[in-house]
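Thank you all for making the time this morning. I would like to walk you slowly through one model, so please have the sequence and the picture in front of you while I talk.

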Amino acid sequence: KSSSEREYRVYFRRWWILVIFMLMIVSNATLWVTFAPISDIAEDYFGDAGSTTRVNMLAIIFLISYPLGTLIEVKCMQLWKLRGTILVGGCFSFLGSLFRVLAAYIQSEEGNNTSTVYFVMLFGQFLAALAQPLFMNCPASISASWFPPEERDISTALGSLSSPLGNAIGSVLPILFV
């Protein structure tokens with residue numbers, strides 16, 4: 001048989017792989033925009049370190065970091081293929097989230113410098129921003145690796161639509177919490 005006529009052996013777990021991947025993208029995209037809908041509250045939270053520009057920088061860091069994250073993604077794909085690349089992206093997102101929680105914990109302690117809190121938060125955003133290209137550049141690879149040709153369009157579309165869904169969630173949730 002030619003390569004276009006080759007049969008694929010597919011497993012039901014391919015859908016679980018796609019769902020887990022989509023959840024990783026949604027959570028990362030949520031981190032991107034969480035401060036945008038509550039920028040005035042975030043300015044107050046960061047005190048002297050919180051200006052409109054600095055709060056906006058928490059989202060803009062994702063755009064600034066995208067080229068560096070893409071270079072990391074290319075190197076990860078060369079070294080560790082798809083699985084390793086997604087694991088590295090997951091680690092970056094997790095560590096970024098951890099630094100964001102650390103910043104909130106530091107803020108809760110009295111007498112802490114608000115500039116320190118802001119820069120810990122910015123570093124967490126930077127780590128999460130590095131993960132974004134590792135996720136955004138992979139939906140087609142996931143489809144090619146796990147899905148037969150007749151299902152690749154839908155799996156790629158679902159993977160690609162996860163980021164806007166995460167942005168929507170990240171725009172609504174902060175308003176509900178504050």
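Let me start with one pair of helices, because α1 and α3 are roughly antiparallel to each other, a label that applies to angles over 145 degrees, while angles under 35 count as roughly parallel, 65 to 115 as roughly perpendicular and the rest as oblique. The two helices, α1 and α3 (residues 52–108), pack at an angle of about 155°, and their axes are 8 Å apart. Those axes are lines fitted to C-alpha atoms, for helices over the stretch in contact, and the angles run from 0 to 180 degrees between N-to-C directions. On the side of α1 the contact, meaning heavy atoms within 4.5 Å, is made by Phe21, Met24, Asn28, Leu31 and Trp32, and on the side of α3 the participants include Leu58, Phe62, Ile86 and Arg100. Sorted by type, the residues of this contact of α1 with α3 come to nine nonpolar, four polar and one charged, where Ala, Val, Leu, Ile, Met, Phe, Trp, Tyr, Cys and Pro count as nonpolar, Asp, Glu, Lys and Arg as charged, and the others, Gly among them, as polar.

Before going further, a word on where the values come from. This is a predicted model, in which local features need pLDDT of at least 70 and side-chain atom pairs count only at pLDDT 80 or more, whereas totals for chains, interfaces and linings use all residues. Residues are numbered from 1 along each chain as its sequence is written, and side-chain values use heavy atoms, with hydrogens and water left out.

Now the overall picture. The protein has six helices and zero strands, where helices (H or I, at least four residues) and strands (E, at least two) are DSSP runs numbered from the N terminus, and the pattern along the sequence reads α-α-α-α-α-α. The C-alpha trace spans about 70 × 35 × 25 Å along its principal axes. Of the 178 residues in the protein, 39% are buried, which is to say under 20% relative accessible area, with exposed meaning over 50% and partly exposed in between (1.4 Å probe, protein chains only). Among the contacts with a separation of 6 or more, 81% are between residues 24 or more positions apart.

Let us turn to the aromatic rings. How many aromatic pairs does the rule give? Rings of Phe, Tyr and Trp (its six-membered ring) pair if their centres lie within 6.5 Å, and planes under 30 degrees apart count as stacked, over 60 as edge-to-face and the rest as tilted. By this rule there are nine aromatic pairs. In one of them, the rings of phenylalanine 21 and phenylalanine 135 have centres 6.4 Å apart and planes at 75°, so this pair is edge-to-face. Because phenylalanine 21 lies in helix α1 (residues 13–33) and phenylalanine 135 in helix α4 (residues 114–136), the pair ties together parts that are 114 residues apart in sequence. Phenylalanine 21 and phenylalanine 135 are both buried. Tyrosine 45 and phenylalanine 46 also form an edge-to-face pair, since their ring centres are 5.3 Å apart and their planes are at 80°. Here tyrosine 45 is partly exposed, with a relative accessible area of 32%, whereas phenylalanine 46 is buried, with a value of 0%. Phe35, Tyr45, Phe46, Tyr118 and Phe119 form one aromatic cluster.

Finally, let me come back to α3 for a few single residues. Lysine 81 is found in helix α3 and has a phi near 60°, a positive value in a residue other than glycine. For background, most residues other than glycine have a negative phi. Lysine 81 is exposed, with a relative accessible area of 56%. Methionine 77, which also lies in helix α3, is partly exposed at 23% relative accessibility. Leaving aside residues up to four places away in sequence, methionine 77 touches Leu82, Thr85 and Ser141. Tyrosine 105, again in helix α3, is exposed, with a relative accessible area of 52%, and its C-alpha atom is separated by 8.9 Å from that of valine 117, 12 residues apart along the chain.
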